[in-house]
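Q: I am new to reading protein structures. Please pick one part of this model and take me through it slowly, showing what surrounds it.

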Amino acid sequence: MFRSVAARVLVRAPRLALAATVPRQQQITRTFTSSITAFGRGSVDKELGDKIASELAIEDEMRQEPAPESFSQFLDMSGFSIEDVPGKHEVTLTRKFGGNETIKIIFSANELSNVDEMDEGEVEGSSSGGANGGEDGEDAGPSFPVPCFITIAKDNASQTLCIDAIAQDGVLVVENACLYEPKLAADDSSSGDYARRELYGGPLYNNLDEELQMLMEKYLEERAIDTNLALFIPDYVDYKEAREYGDWLKKLGQFVEA
C-alpha cells in the first residue's frame, strides 16, 4: 500500500511530540551510555580473540610448509606452470604444446567451501598431502568434485577450444566442449560470459559417438590433461583453501584486537 507525503507527516508528528516531552536528564543519560558501547571494547571481544588465536594455532600446526613435494613433481612431469595469487580464489595452470598451442586450466579454491552435502569423513579424506596420495602411500579416500575450465588456443586458429570438466578421484569428466573466437574465449567478464551463453554451446558431450569421445580423451591426454591432473587439482584446492583460511583467521584476529 502506498501513502501520500501528507499521511507520512501525520504519522511522524505524534512521535516527535512525544520525544519532546522526555526529560532532558534522561536523554543525556542514554546518550552517555551509547557512547561507552560505541568507543569501548565489547564484553566478548577477548573471548573471541582467544578462540581465534586457538584456531589459528591449530591451523599453523597442520599447515604443510613447504608445499608437498608431489606438487612440484606433477608440475615438472606435466610441463604446467602455476599461477596462485595469495588472497585470490582462482588458480591457473598454463603450458605450451606443439610449439603453437597454449593450454590453460582454471579452477577455484572456493569449491571446497561449496561442498555442503558431502559426509565430513569424505571431505577430511581428501586432504592427502599430495597429488598421488598421503606421505605413507596409502589411498586418501574419495575426494571432492572440482569444476575446471580448460582452453586450448592455437596461434593461427580462428577459434579456441573451451572445455568444462569435473576433476574427482583421478578422473576428469568432460561435460561440454565448444569453440569461441579467441578474444571471446579469453574474456572472463560478466559481459563475456553473457556473450558466450548466446552462442551454440555444442552437443551434449555424453551423446557423442563413443569412438569420438575416446579419441577426444586421447587428444587431451597427449596434452597432460589426464589422470595425474585430475588427482592434482582437488589436492591443490585442499592445500590452498587451508592456507587462505589461516590467513583469514589471522586478519580476523587482528581486526578484533585493533
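A: Let's start at the surface: aspartate 169 is partly exposed, because its relative accessible area is 42%, and that class lies between buried (under 20%) and exposed (over 50%), with a 1.4 Å probe and protein chains only. The model is a predicted one, where local features need pLDDT of at least 70 and side-chain atom pairs pLDDT 80 or more, while totals for chains, interfaces and linings use all residues. Numbering starts from 1 along each chain as its sequence is written, and side-chain values use heavy atoms, leaving out hydrogens and water.

Aspartate 169 sits in the loop between strand 5 and strand 6 (helices, H or I of at least four residues, and strands, E of at least two, are DSSP runs numbered from the N terminus). From aspartate 169 to isoleucine 233 is 64 residues in sequence, and the C-alpha to C-alpha distance is 10.0 Å.

Isoleucine 233 leads us inside. Along with Ile105, Phe107, Leu172 and Ile225, Ile233 has the most contacts within the largest nonpolar core, which has 34 residues. Such a core is a set of buried Ala, Val, Leu, Ile, Met, Phe, Trp, Tyr and Cys residues joined through side-chain atoms within 4.5 Å. Elements giving two or more residues to this core include helix 4 (69-78), strand 5 (160-168), strand 6 (171-180) and helix 10 (227-257). Helix 10 provides the largest share, seven residues.

Now look closely at helix 4. Its axis and that of helix 10 come within 11 Å and cross at roughly 140 degrees; axes are lines fitted to C-alpha atoms over the stretch in contact, with angles from 0 to 180 degrees between N-to-C directions. Phe71, Phe74 and Met77 of helix 4 make the contact with Asn228, Leu229, Phe232, Asp235, Tyr236 and Tyr239 of helix 10, where contact means heavy atoms within 4.5 Å.

Which residues of helix 4 are buried? They are Ser70, Phe71, Phe74, Leu75 and Ser78. These residues lie on the same side of helix 4, because they cover an arc of only 140 degrees around the axis, taken from the directions from the axis to the C-beta atoms. An α-helix has 3.6 residues a turn, so residues three or four places apart point the same way. Strand 1 (81-84), strand 2 and helix 10 are among what covers the buried residues of helix 4. On the face turned away from that buried side are the exposed residues Glu69, Asp76 and Met77. Just after helix 4 comes glycine 79, with a positive phi of about 85 degrees.
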